[in-house]
Amino acid sequence: MNKTAHGIDIAETFFKEFGLPTINRHFPEIKNRISAGLLGEGSEMLGFDDDLSRDHDWGPRFILFLEEQDYQKYGNKLTAKFKEFRPNNFQNFSLTKTKPITVQTIDSFYKELTGLPNPPISTQEWINVRENDLCYAQAGRIFYDPTGNLTKRHYSFKQAYYPREIWLGRIAAQLFWIWHYGEYNICERMVKRNERVGALIGTGMVVQAAMRLTFLLNRRFSPYWKWLHCAFIQLPYLAPELNPILQKIEKAATLENRAKAINQICNLVRIGLHEQKIFPDRDKRNNMGFLEILNNLIQNEQVKTMIFAALKREGHF
């Protein structure tokens, strides 16, 4: 097996060398109505997989996509035929204990991933869907799509983004975390108490909120936490200035130095909020401007309720 190859490249080769010939040989009547790719969750979908990623759900695999009518007629037949002819190994990667081929409709795949067959439209749909699921709905690669239907659906998710008031609400929530854990508690209280372990908990929350806020300011969906920093450093806006500060926090030997770095994060965030025209200046605000956004910039009561509900789940308000 190629030690340097990404899983999605191996998967595409597996489809081209095994999947497509099997379709052409055994299902020629639907070869022009079937699509294939590797989409959804997984480090390889984002290009972050490495040798450590190969312990589960990685390697030669693909998803076959059918429209509903063809799925009812051919879904089980495809599953059985690919199971019958599946090789035990591909590029020295064992397939005997994996499920390398699945068959789904396009609707069922996206509904399973995001809860919706199509990108969210209503406020309630946007509120209910998880951000990292939207990130994965935009990821992956299509290997074969003669009808173009899978490409159109994937593109529709790639083009989707939060409506402005949802976007502002999510920004407000991240500002609250930065303020509550960082500016208010770590910088103003925990340093004076020398509460290092408590500050360590809060620092993690500040770092995560700062990165998620940066995704929002870049109009990108953030991934699952494990890949948050890997994706964050690729963002064009604010991340190049913010990442060195995060590195300072990671290397800081004293609580005082961590607090200084958190203040630097807050200052940089104020610049970003001003440049994005959310606030008219870079002045210091109570709660990092959290309540100012909710009270002055958001009219939708559903969005306000969403934000307060999220904070209540964490023990606030």
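In the classification by residue class, Ala, Val, Leu, Ile, Met, Phe, Trp, Tyr, Cys and Pro are taken as nonpolar, Asp, Glu, Lys and Arg as charged, and the others, including Gly, as polar.

**Figure 1. Overall view of the predicted model.** The structure shown is a predicted model. Its secondary structure consists of 14 helices and 6 strands. Along the principal axes, the C-alpha atoms occupy a box of roughly 70 × 45 × 30 Å. The protein has 317 residues, of which 52% are buried. Of the contacts with a separation of 6 or more, 70% join residues 24 or more positions apart. The structure also contains 2 cavities of 30 Å³ or more.

**Figure 2. Close-up of the second largest cavity, with a volume of about 30 Å³.** The lining is formed by R33, S35, F65, L66, E67, I106, T147 and N149. By class, these lining residues comprise 3 nonpolar, 3 polar and 2 charged. Because Phe, Leu and Ile count as nonpolar, F65, L66 and I106 supply the nonpolar part of this lining. R33 and E67 belong to the charged class, whereas S35, T147 and N149 belong to the polar class.

**Figure 3. Close-up of the largest cavity, which encloses about 50 Å³ of space.** Residues R270, L273, F279, D281, R282, D283, R285, M288 and G289 line this cavity. The lining is made up of 5 charged, 3 nonpolar and 1 polar residues. The charged residues are R270, D281, R282, D283 and R285. L273, F279 and M288 are the nonpolar residues, and G289 is assigned to the polar class because Gly is counted there.

**Figure 4. Surroundings of R270, one of the residues lining the largest cavity.** R270 is located in helix 12, which spans residues 255-275. Its relative accessible area is 9%; R270 is therefore classed as buried, the cut-off being under 20%. At 2.4 Å, the side chains of R270 and E183 form a polar contact. Leaving aside residues up to four places away in sequence, R270 touches E183, D281, R282, D283, K284, R285 and M288. Of these neighbours, D281, R282, D283, R285 and M288 also appear in the lining of the largest cavity.

**Figure 5. Buried and exposed sides of helix 13 (residues 290-297).** The buried residues of helix 13 are F290, I293 and L294. Viewed along the helix axis, the buried residues lie within an arc of 90 degrees, so they line one face of helix 13. The exposed residues N295 and N296 are on the face turned away from this buried side. Helix 8 (164-193) and helix 14 (301-313) are among the elements covering the buried residues of helix 13.

**Figure 6. Close-up of the second largest pocket, with about 730 Å³ of space.** The lining of this pocket comprises 24 residues, and those nearest the centre are R170, Q174, W177, A310 and R313. At least two lining residues come from each of helix 5 (123-128), helix 6 (131-137), helix 8, helix 9 (196-217) and helix 14. Helix 9 provides the largest share, with 5 residues. The lining divides by class into 13 nonpolar, 6 charged and 5 polar residues. Helix 8 and helix 14, which contribute to this lining, also help to cover the buried residues of helix 13.

Notes. Residues are numbered from 1 along each chain as its sequence is written. This is a predicted model: local features need pLDDT of at least 70, side-chain atom pairs count only at pLDDT 80 or more; totals for chains, interfaces and linings use all residues. Side-chain values use heavy atoms; hydrogens and water are left out. On a 1 Å grid over the protein atoms alone, a cavity is a set of points where a 1.4 Å probe fits but cannot get out, and a pocket is an open set with protein on both sides within 12 Å along at least five of seven lines; lining residues have an atom within 4 Å of a point. Grid points are joined across faces, edges and corners, and a volume is the space filled by probe spheres set on the points. Helices (H or I, at least four residues) and strands (E, at least two) are DSSP runs, numbered from the N terminus. Buried means under 20% relative accessible area, exposed over 50%, partly exposed in between (1.4 Å probe, protein chains only). A polar contact is a pair of N or O atoms within 3.5 Å; within protein, one must be able to donate a hydrogen and the other to accept it, and residues adjacent in sequence count only if both atoms are side-chain atoms. Contact means heavy atoms within 4.5 Å. The arc is that of the directions from the helix axis to the C-beta atoms.
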